[in-house]
Amino acid sequence: MTSPSILDVLEEIITTVVEPGATDVDTNGEFPRAALTALGEAGLLGLLSSTDVGGLGGTLGEAAHVVRRLATTCGSTAMVVCMHYSAVVVIEQHGSEETRRAIASGNHLSTLAFSETGSRSHFWAPIGTATASGDEVVLDASKSWITSAEEADSYVWTSRPTAADGGASLWLVPADASGLKVAGPFDGLGLRGNGSSPVVATDVRIPLANGLGDDGAGLDIALGVVLPTFQILNASCSLGVMDAAVAKTIQHVTTARFAHLDQSLADQPVVRQHLARMKNLADAASCLVDDAVDALATGRDDAPLRMLQSKGVAGATALEVVDLAMRVGGGAAFRKDIGIERHFRDARASAVMAPTVDALQEFIGRALCGMPLFG
Ligand SMILES: Cc1cc2nc3c(=O)[nH]c(=O)nc-3n(C[C@H](O)[C@H](O)[C@H](O)COP(=O)(O)OP(=O)(O)OC[C@H]3O[C@@H](n4cnc5c(N)ncnc54)[C@H](O)[C@@H]3O)c2cc1C
């Protein structure tokens, strides 16, 4: 892990900023700006930035810890940070030093603009175009979801290549570029503060130099650089949501009482059975994600498989765990008394974020059968 002081600072920010704001973020669909400012000032938005540009030079495992801890308190904040880190890893490899320094200093929030209205969750098949025009490129696209759409400073953007029919290219698009139109505030079931709105690009001109990697190499970069980070961090978001659901369920069942029996809910054997299943599922998913992080860090042969499994398993498991939390919590959970239903809603986002849990199942099956991921 990074130096203990950074982790202490993270806990301090969670206690003093993230936790007090979490209910408003969810209820009002407010972007967690105060939390992002605090994380930026502490250097945590530059966790994956190289020390060469003033960042913390942290690892994917450390980023996973940050996202998981944030998600125990505020899923929206965790997802904003997950998408930022997923963008940072490609900017670190292919972006300008100026942007990298701004990110490292905590003054620049980025995100991924992959999903499109036309190809939906199939982010590997962008339909939006990039047309070379002198030393500029002109982008036209309809992006269906961009986390932090109105709050980010830049988008890591996919398009078709300028010079070929198939494949993809990646661009760093300033969020204030002329021709970008954010559809309006996000009003979703869960992660209500993550600001994930559609964005339409009409004749957006950016310098050709804003290309992230070679024209046409975008798919290789998206799958080789962005996907491992996104998969682990999105899975970590699910793990954090499960941590919170298990903790709040324990708190509830050990304190809620049947006065006429002089017993707590925990005295009901069925409640303990469900609770044990929640903990078993959550811990099994956690072990798998930890193993995926280790596989990626050490370059193990099974790293690609573990990477695909991480989000698939954590996302699907979170759905089961929060469902059990709602069941054990009864009417108290249904009525928001014990704070579980927010996690129930937040957990659902991971499953539908691309690659979706179902698409990952398909990818894993194909990988096991020695088939290419995309058929
Ligand atoms: C909170 C939130 C934040 C997001 N943030 C971002 C962001 O920052 N950047 C970004 O680019 N995108 C983002 N997304 C979009 C996300 O990554 C997906 O693209 C989107 O949720 C897919 O929704 P859809 O209706 O287009 O799904 P569809 O593609 O219509 O899928 C519908 C169903 O079909 C299934 N399905 C489709 N294809 C397959 C397949 N090949 N195999 C198996 N099942 C399949 C899916 O699993 C799903 O159950 C975000 C989404 C959410 C919910």
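Helix 9, its neighbours and the ligand site

P355 is placed in the loop that runs between helix 9 and helix 10 (357-368), and in this predicted model the bond that joins A354 and P355 is a cis peptide bond, with omega about -5°. A second backbone feature belongs to R120, which has a positive phi of about 50° although it is not a glycine; R120 sits in the loop between strand 1 (110-113) and strand 2 (129-133). For context, most residues other than glycine have a negative phi, and most peptide bonds are trans.

R120 also leads to the ligand. Of the 20 residues around the ligand, those that come nearest are S115, R120, S121, V352 and T356. An N or O atom in the side chain of R120 is 2.6 Å from an oxygen atom of the ligand, while a polar backbone atom of F114 is 2.8 Å from a ligand oxygen atom. A nitrogen atom of the ligand, in turn, is 2.8 Å from an N or O atom in the side chain of H122.

From here the path turns to the packing of helix 9. Two packed helices are described by the angle between their axes and the distance between the axes. Helix 6 (residues 218-255) and helix 9 (residues 341-352) have axes that come within 10 Å and cross at roughly 160°; because angles over 145 degrees count as roughly antiparallel, helix 6 is roughly antiparallel to helix 9. Their crossing is left-handed. On the side of helix 6 the contact is made by N234, S238, V241, A244 and K248, and on the side of helix 9 by R342, H343, D346, A347 and S350. By character, the residues of this contact between helix 6 and helix 9 divide into three nonpolar, four polar and three charged.

Helix 8 (residues 303-334) also packs with helix 9, at an angle of about 160° and with the axes 9 Å apart, which means that helix 8 is roughly antiparallel to helix 9. The crossing of helix 8 and helix 9 is left-handed. Helix 8 contributes K311, G315, A318, L319, V322, D323, M326 and A333 to the contact, and helix 9 contributes E341, H343, F344, A347, R348, S350 and A351. The residues of the contact of helix 8 with helix 9 divide into eight nonpolar, three polar and four charged. H343, A347 and S350 of helix 9 are named in the contact with helix 6 and also in the contact with helix 8.

Conventions:
Residues numbered from 1 in each chain as written. Predicted model: local features only at pLDDT ≥ 70, side-chain atom pairs only at ≥ 80, totals over all residues. Heavy atoms only, no water. Axes fitted to C-alpha atoms, helices over the stretch in contact; angles between N-to-C directions. Helix = DSSP H or I, 4+ residues; strand = E, 2+ residues; numbered from the N terminus. Parallel < 35°, antiparallel > 145°, perpendicular 65-115°, else oblique. Left-handed = near helix turned anticlockwise from the far one by under 90°. Contact = heavy atoms within 4.5 Å. Nonpolar A, V, L, I, M, F, W, Y, C, P; charged D, E, K, R; others polar. Near = heavy atom within 4 Å. Polar contact = N/O pair within 3.5 Å; in protein donor to acceptor, adjacent residues only side chain to side chain.
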